[in-house]
Amino acid sequence: MNHLSEEQLILHYYDEEEDALAAERHLGECEACRALYGSLQRALNVVDSLPVPEPGAEYGEQVWRRIEHRLPARRGARWVWALPAPWRWAAAGAAFAALLVAAFLAGRFYPHPRQAAQLAAADPQAGERILLVAVGDYLERSQMVLIELANARSPGSLDISAEQERAVDLVSENRLYRQTAGHTGDAAVASVLDELERVLLDITHAPSRLSPGELDKLRQRLEAEGILFKIRVLGSNVRNQEEKGSEVAPRAAGQKL
Amino acid sequence: MELTDSAIVTKARLGDADAFRVLVERHGRPLFRLAFRMTGNQQDAEDVVQESFLRAWRQLGRFDDRASFGTWLYRIATNCSLDVMRSRKRRSADAQVEDPVLSLPSGDPTPERVAMSGEVRERVAEAMDELSAAERTAFVLRHFEGMRIEEVGRALGCQPGAAKHSVFRAVRKLRRALEPVASGAR
C-alpha cells in the first residue's frame, strides 16, 4: 500500500476513513506514516487543551430571561397558522395594510430628522442626547423594513414598492445622521450607518417586484452582512447611552440647584 | 415523556413562547460552547447565543421540519459568530483582544505550569485566529462538536466536499503551527 496522505490520516483520526482497517494496518507497518499521524494527534491534543468556560445548569434559563422581552411578538400567529393558506395571505395583507397606515402616521408625527441634527449642531451636549434618541428611532424603523423583507414569503413575485419608498426616506435621513456622527467623532455609529445606507440603496434600486429567487438573494445578503445584528447591537448601545444620559441629567440639574 | 425538538418547534411556530423557552433551555449550553470555540471570547459568545435564538424565533417559519433543529440552530449560530468575528477584526486596530482564558477559575497550577500553559494557550489561540472563517467553522464543528463531515456541510450550507477541504486545510494549518508546541508537550 502507498503511504497514507495527510487527508487520509485526518479522516482516519476522525473515524471517517472509508477503509479504516487498511489504514490501521498500514500505520502498523509504516514508520513514516505513523510519525505523521503522531504529529497530527499531538497537535490536535494541544488544541483540545484550550479550555472553555462551562456554563451552569441554569444557563438556558438565564438566556431566556435576557431574550424573552426582545422576542418580536408572533401576534395572532396562533390563529393565522391555523388558517388555510389563502386566508393566511389575506390576513397577512390586512396586517400589512395596517402597518402602512401606522408607518404613515408615524412619519407625520415624528420630529423631522433635520431638526434633530440642527439641534445637535447648535448645542452639543443637549444635541447629543437628541441625536441619540433620533438615531435610536431611526434604527428601529430601518430594522422594521429589513425584517419585513427578510421574512417576506411569496409563492410568486413580491411587490416591494412600499418598502422601497420607506427605504428612500431612510436613505435621505441616514446621510444626515451619518454626517452628524462623523462630525461628533462617533466612528462606530457612522460605520454602521454607512453599511446600512448601502443596503438601503440596493433595496431602492432593486426592481419593484422581486422573484422568489431575487428575494432569496436579498435575504442571503442581509444575513451574510449581518446588518440586522449590527443594527440591533448599535440600537442597544444607543439605548444604553440614552439611559445613562437620562440618569445623569437630573443629578446634574440637582447639583446646580 | 420529553417532547422532541420537532414537536416543540411546531408549537413555537404557532406563537407559543413557552415552547420556544424549552428549546432555549435545551440548546443554550451547547450553543454557548460552540460560540465560544468560534469567537474565543466569553462576552462575544454570550451575544452570539442570544442573537442566534432571536434569529431562530424570527425565522421559525422558514425551518424545514425534516431537518434537525439543532443543526439548523448551529447554522444560525455559526453565521452570528462569523458576523462577530468580522466586526472584531475591524475593531482590533483600536482595542486589544481579551484573553478568553484569563477570567476562568484557576485550578491552582504551579507557576511553571501557568507560564507554560499560558504560552501554549496563546499559541493555540493564535493558530486558531490564523484560520479563515470557513476553516475555523468547519474545524470547530468537526473537531469539537463531533459532527460528521456531511453534517458540517449541511450546517454550513455547502457541499460535503467543500466542508471536507475546509477541515483538511484547518487541520493542516494547525498541525504546522502547533508542531513545536506539541513536540515540547510530549
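**Note on the predicted two-chain model**

1. Helix α3(B) is a convenient place to begin. With 17 residues at 1.5 Å a residue, α3(B) should span 24 Å, and the distance between its end C-alpha atoms, 25 Å, agrees with that expectation. Of these 17 residues, 13 are buried, so the helix is largely enclosed by the rest of the structure. The coordinates come from a predicted model, and the remarks that follow should be read in that light.

2. On confidence, the predictor assigns the complex an ipTM of 0.78 and a pTM of 0.54. Chain B has a mean pLDDT of 82, with 82% of its residues at 70 or more. Within chain B, α2(B) has the highest confidence, at a mean of 94, whereas α5(B) has the lowest, at 73. In addition, the pLDDT is below 50 over residues 95–115 of chain B, a stretch that has 12 contacts in the model beyond near neighbours in sequence.

3. Chain B is built from eight helices and zero strands; its pattern along the sequence is accordingly α-α-α-α-α-α-α-α. The chain has 186 residues, of which 41% count as buried. Among its contacts with a separation of 6 or more, 64% are between residues 24 or more positions apart.

4. The largest nonpolar core comprises 91 residues, and B:A35, B:A77 and B:L178 have the most contacts inside it. Leaving aside residues up to four places away in sequence, B:A35 touches B:A45, B:V48, B:V49, B:A77 and B:S81. One of these partners, B:A77, is thus itself named among the core residues with the most contacts.

5. The interface between the chains involves 47 residues of chain B and 37 residues of chain A. On the chain B side, the elements that give two or more residues are α2 (17–39), α3 (42–58), α4 (69–91), α5 (111–130), α6 (133–144) and α8 (160–185). By residue class, this side of chain B divides into 23 nonpolar, 17 charged and seven polar residues. The list of contributing elements includes α5 of chain B, the helix for which confidence in that chain is lowest, at a mean of 73.

6. Chain A contains both kinds of element, with 12 helices and two strands. Along the sequence they follow the pattern α-α-α-α-α-α-α-α-β-α-α-β-α-α. Of the 257 residues of chain A, 24% count as buried. For contacts in chain A between residues at least 6 apart in sequence, 67% join residues at least 24 apart.

7. A:D15 merits a check of its backbone: its phi is positive, about 60°, although the residue is not a glycine. The residue lies in the loop between α1 (6–13) and α2 (20–29) of chain A. A:D15 counts as exposed because it has 9 C-beta neighbours inside 10 Å, and the cut-off for that class is 12 or fewer.

8. A:E140 belongs to helix α8 of chain A, which covers residues 124–151. With 14 C-beta neighbours inside 10 Å, A:E140 counts as partly exposed. Although A:E140 and A:I231 are 91 residues apart along the chain, their C-alpha atoms are separated by 8.3 Å.

Methods
Residues numbered from 1 in each chain as written. Chains lettered and ligands numbered in written order. Predicted model: local features only at pLDDT ≥ 70, side-chain atom pairs only at ≥ 80, totals over all residues. Contact = placed C-beta atoms within 7 Å. Helix = DSSP H or I, 4+ residues; strand = E, 2+ residues; numbered from the N terminus. Nonpolar A, V, L, I, M, F, W, Y, C, P; charged D, E, K, R; others polar. Expected span 1.5 Å × (residues − 1). Buried ≥ 20, exposed ≤ 12 C-beta atoms within 10 Å, placed from the backbone. Core = buried A, V, L, I, M, F, W, Y, C linked by C-beta atoms within 7 Å. pLDDT = per-residue confidence, 0-100.
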